[in-house]
Amino acid sequence: MRVDDKEQLEQAVSSTWELVEARSHKPAETGGGSGVLVEEYLDGPEISAESLVHRGRVRVCAVSWKGKLTGPYFEETTLRAPARLPAEILAAVEAEVVAAHHAFGVDEGATHTELRLVGGVRPVLLEMGARIGGGGFMHHLVQGSSGIDFAGETVRIHLGQEPRCWSQEPVAAGHAAAYLVPVGTGGTFRRIRGLDEVRADPRVDHVAQAVAPGAVLRPYPAWTAYPAIVLSHHESDEEAVQFREHLERTLHIEYEEQG
């Protein structure tokens, strides 16, 4: 939750404890730990970096563009790879990601690193997960943009093998995108109108619907799940942007009427 003053901070802390109690079904003092996390807000677009690391050697396989998430709840709806950034900024991102691996002592496996570009130019680490990024679609973004079999290489590393991309440079595949259908107002889920049309689009590689009719979806801050994820491939970043706009116009969540 973004807060800009003391009053908003007090409201956010109170809301956080209410969410903790609702999720854990316990009083906050026993179910929610001893405090809340407060971080400096970094003004700038958000990106993510997917990397492989084997015996301490790090390779940043893809940098994805998430966009300018300004709050108040920072719901992610789109990722595009490769991020269209100047070479010097990409180099700075890679240096920051490699340094983070060394600082955290991550020397084997796959990682998912999230960063903000402060002022649009300076990469600052938000967090790193020593795993393939959540949702599974990070493999699609890496393979679609770089040609690297991200999931396959991760398995090879954990079997004690050297990644193939260490010695065999893959051919870049082009541009890949993931669209995470937003929850919207929330309610009892009925269906996503337009999903069959999207499935039939030749640019779409996979559609994953994550919820079934009757599921109760809640918007942020009491967020539950993305209703669906659309994975696609494109000839250019411009086409990926236009396709995201097409999906926003085409896909509409229908909720049961409250009566």
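**Exercise 1. In which order do the 3 strands of the open sheet lie, and is their pairing parallel or antiparallel?**

Solution. In this predicted model, the 3 strands follow the order S9-S7-S11, and their pairing is antiparallel. Turning to the edges, strand S9 (216–217) and strand S11 (252–255) each have a single partner strand, so one side of each is left without a neighbour in the sheet. As a last step, consider the contact between S7 and S9: strand S7 covers residues 187–193 and is joined to S9 by 2 bridges, and within this pairing Thr188 has Val216 in S9 as its bridge partner.

**Exercise 2. Work out which elements and residue classes make up the lining of the largest pocket.**

Solution. Begin with the pocket itself, which holds about 1,500 Å³ of space; it is lined by 38 residues, of which Met1, Glu39, Tyr73, Phe74 and Glu127 are the closest to its centre. Next, assign the lining to elements: helix H1 (6–24), strand S4 (108–118), strand S5 (122–129) and helix H4 (137–146) each supply at least two residues, and H1 gives the most, with 6 residues. Finally, sort the lining by class, which yields 24 nonpolar, 4 polar and 10 charged residues.

**Exercise 3. Describe the second largest pocket in terms of its volume and its lining.**

Solution. The volume of the second largest pocket is about 220 Å³. Its lining consists of 13 residues, and those closest to its centre are Met1, Arg2, Val3, Pro72 and Tyr73. When these lining residues are sorted by class, 6 are nonpolar, 5 are polar and 2 are charged.

**Exercise 4. Locate the cis peptide bonds that precede Pro72 and Pro221.**

Solution. Most peptide bonds are trans, and most residues other than glycine have a negative phi. The bond from Gly71 to Pro72, however, is cis, with omega near 10°, and Pro72 sits in the loop between strand S2 (57–67) and strand S3 (78–81). Tyr220 and Pro221 are likewise joined by a cis bond, with omega about 5°, and here the proline belongs to the loop between S9 and strand S10 (228–234).

**Exercise 5. Where do Arg55 and Phe74 lie, and is each of them buried, partly exposed or exposed?**

Solution. Arg55 has a positive phi, near 55°, and is placed in the loop between strand S1 (46–54) and S2. With a relative accessible area of 70%, Arg55 is exposed, the cut-off for that class being over 50%. Phe74, whose phi is also positive at about 60°, belongs to the loop between S2 and S3, and its relative accessibility of 24% makes Phe74 partly exposed.

Key:
Residues are numbered from 1 along each chain as its sequence is written. This is a predicted model: local features need pLDDT of at least 70, side-chain atom pairs count only at pLDDT 80 or more; totals for chains, interfaces and linings use all residues. Side-chain values use heavy atoms; hydrogens and water are left out. Two strands pair if DSSP finds at least two bridges between them. Helices (H or I, at least four residues) and strands (E, at least two) are DSSP runs, numbered from the N terminus. On a 1 Å grid over the protein atoms alone, a cavity is a set of points where a 1.4 Å probe fits but cannot get out, and a pocket is an open set with protein on both sides within 12 Å along at least five of seven lines; lining residues have an atom within 4 Å of a point. Grid points are joined across faces, edges and corners, and a volume is the space filled by probe spheres set on the points. Ala, Val, Leu, Ile, Met, Phe, Trp, Tyr, Cys and Pro count as nonpolar, Asp, Glu, Lys and Arg as charged, and the others, Gly among them, as polar. Buried means under 20% relative accessible area, exposed over 50%, partly exposed in between (1.4 Å probe, protein chains only).
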